[in-house]
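Trainee: I have a model open on my screen and would like to walk through it with you. Could we take it piece by piece?

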Amino acid sequence: MTKLTFMGAGSTVFAKNVLGDCILTPEIGALEVALYDIDPVRLEDSRLMLENINKKYNGKLKITAYTNRLEALSGADFVVNAIQVGGYEPCTVTDFEVPKKYGLRQTIADTLGIGGIFRALRTIPVLEDFAGDMHKVCPNALFLNYTNPMAMLTGYMLRYLDLNAIGLCHSVQGCAKGLLETLGMEEYLPTCKTNIAGINHQAWLLSIEDKNGNDLYPEIKRRSLSGEYTEKMQWDLVRHDIMHRFGYYNTESSEHTAEYNPYYIKYKYPELIKRFNIPLDEYPRRCVEQIKGWQELREKVVSTEIEHNKSNEFAAPIINAVVNNVPYEIHASVLNKGLITNLPQDACVEVKCLVDRSGVNPCYVGALPEQLAALNRTNINVQNLTIQAAKERKKDLVYMAAYLDPHTSAELSLDDIKSLCDDLFEAHNGWLPEYK
C-alpha cells in the first residue's frame with residue numbers, strides 16, 4: 001500500500017485540501033496516511049475531519065495520527081510538509097514588531113525580506129531533523145514542500161540534505177484566472193494557453209494566448225489602463241503596475257509583490273500605500289482572524305456532514321502520476337540546472353515539470369526577458385545568501401542577505417540593518433541554533 005506522511009497535519013484546512021483531494025482521486029487506490037504534528041489537539045481535529053471525509057466519499061484512506069515523527073515517516077513513499085516553526089506567537093509577531101521599531105513595514109514577511117530570512121533560519125534546522133529521520137526510514141520518499149519561504153527551504157534541502165524534494169505553491173494555478181476575471185475576460189479561461197517561469201512567488205506570465213494562438217496581452221494591458229476595471233483591480237494594483245513597467249504579469253499576489261522590491265513600501269512616500277492599496281501587517285491580521293474564528297470553523301470541519309470539493313493543489317495529481325504512471329504537468333520549485341539560462345545555476349527556480357513513474361522531470365525554459373531575470377536575481381541574491389548562512393551558521397552572512405534585500409536596503413542604512421538582525425537574533429532566542 002502506498003504511504004503518505006503529512007508533516008504539520010495540525011494545519012487542518014490545508015490537510016483537508018491535500019488529503020481530501022486524495023480521497024476524491026480513487027484511481028490512486030488504497031493509501032495509508034500518517035498524520036504528524038506536535039500539537040495533539042489540532043492533530044486529533046485533522047484525524048476526525050479526514051475520517052469523516054473518507055467515510056462520506058467512500059475513500060480508500062487508512063488514517064493514523066502520530067506524535068512520534070520516526071514512526072510517522074517509516075516506510076513513506078510521499079511526505080507532505082506544511083509546518084510553521086514558531087507559529088503566530090511568538091515568531092510571526094517578532095518578525096513584524098521588531099522591524100517596526102526601525103520603521104520597516106511588511107505585508108506578509110514569509111518569503112523574502114527580513115521576515116522571510118528569519119523564518120528560513122528557524123525552519124531549516126527542523127528540516128535537517130526531518131531529513132535525518134527520512135534517511136533512516138524512508139530514503140526514497142518524494143518530499144513535497146508547501147512551507148515558506150519556499151525557495152530558501154527547497155533550495156537548502158536540494159543542496160545540502162540529499163532529499164528527493166520539490167517545492168509546491170498554488171500561485172501559478174491562480175495567476176491567469178485572477179487576471180482574466182478581474183478584467184472581464186473570463187470567456188478565455190477554459191481554453192487559454194499560458195507559459196510561466198521564474199522563481200517562487202515571482203514567476204512570470206511569459207505568454208497568454210487564446211485557443212487559436214492569438215496574444216491576449218495587448219487586450220489585457222488595454223483594459224488594465226482603461227479605467228473601466230479600476231474598482232475590480234483594487235486588490236491587485238501592484239501587479240498591474242509591475243506589468244506595465246516591466247512588460248509582464250507575475251504570479252504572486254500584490255500584497256506579496258509589494259515587499260519583494262524597493263518600489264512600493266517606502267517611508268519617504270507614504271502616499272504609495274494608499275495609491276496601491278497595500279495592506280501593511282496583512283499576515284498578522286489574517287492570523288488573528290483565523291485564531292479568533294477557529295472554534296466556529298472547527299465545528300464545521302470535524303462535523304460528519306463535512307463536504308469537500310477538489311482544490312487546485314498539485315499533491316494528489318502528483319501521487320496519482322507516480323503511482324499509476326499517468327503523466328501530469330505541474331509547476332514546481334527545483335534547482336536551476338541550466339533550466340533558465342540567465343538565472344544563477346543552483347538557484348531555486350519555478351518551472352513547468354512533467355511527473356510520471358520516473359518522478360518529477362523539470363522542463364527547459366531558456367532565457368527570460370532580461371528585465372524579468374534582473375528582478376528575479378535581486379530576490380535570488382537574498383535566498384542564496386540565507387541558504388549559505390543557515391549552512392555555515394554565520395551572522396555575517398545573515399547580515400549580507402539582509403543588506404541585499406530589495407525592500408530592507410531601500411529603507412534602512414547598513415548599520416541599522418545589522419542592528420535589526422542582532423535584535424532579531426536576540427528576540428528569536430531559543431528558536432535558532434547558535435550563530436557566530
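Trainee: Why is strand β2 described as largely enclosed by the rest of the structure?

Mentor: A word on the source: this is a predicted model, where local features need pLDDT of at least 70, side-chain atom pairs count only at pLDDT 80 or more, and totals for chains, interfaces and linings use all residues. Residues are numbered from 1 along each chain as its sequence is written, and side-chain values use heavy atoms, with hydrogens and water left out. Strands (E, at least two residues) and helices (H or I, at least four) are DSSP runs numbered from the N terminus, and buried means under 20% relative accessible area with a 1.4 Å probe, protein chains only. β2 covers residues 31-36 and is largely enclosed because the number of its six residues that are buried is five.

Trainee: Which residue of β2 stands opposite Thr5?

Mentor: Strand β1 (residues 2-7) runs parallel to β2, with six bridges joining them; two strands pair if DSSP finds at least two bridges between them. Between these strands the chain passes through helix α1 (residues 12-23) in a right-handed β-α-β crossover, meaning a clockwise path from the first strand over the helix to the second when the strands point away from the viewer. Opposite Thr5 in β2 stands Ala34.

Trainee: And which residue of β3 is the bridge partner of Tyr36?

Mentor: β2 also pairs with strand β3 (residues 61-66), in the parallel sense and over six bridges. The chain gets from β2 to β3 by way of helix α2 (residues 40-56), in a right-handed β-α-β crossover. The bridge partner of Tyr36 in β3 is Tyr66.

Trainee: Let's move to helix α5. Is Thr123 buried or exposed?

Mentor: Thr123 lies in α5, residues 113-137. Leaving aside neighbours within four places in sequence, Thr123 is in contact (heavy atoms within 4.5 Å) with Ile83, Val85, Thr147 and Leu153. Since its relative accessibility is 2%, Thr123 counts as buried.

Trainee: Which residue's backbone oxygen lies 2.6 Å from a polar atom of the Thr123 side chain?

Mentor: Start from the side chain of Thr123, in helix α5. The backbone oxygen 2.6 Å from one of its polar atoms belongs to Arg119.

Trainee: Which elements help cover the buried residues of α15?

Mentor: Helix α15 spans residues 395-404, and its buried residues are Leu397, Val398, Tyr399, Ala401 and Ala402. What covers them includes α14 (370-392), α16 (406-411), α17 (414-427) and the helix that holds Thr123, α5.

Terms used: Buried means under 20% relative accessible area, exposed over 50%, partly exposed in between (1.4 Å probe, protein chains only). A polar contact is a pair of N or O atoms within 3.5 Å; within protein, one must be able to donate a hydrogen and the other to accept it, and residues adjacent in sequence count only if both atoms are side-chain atoms.
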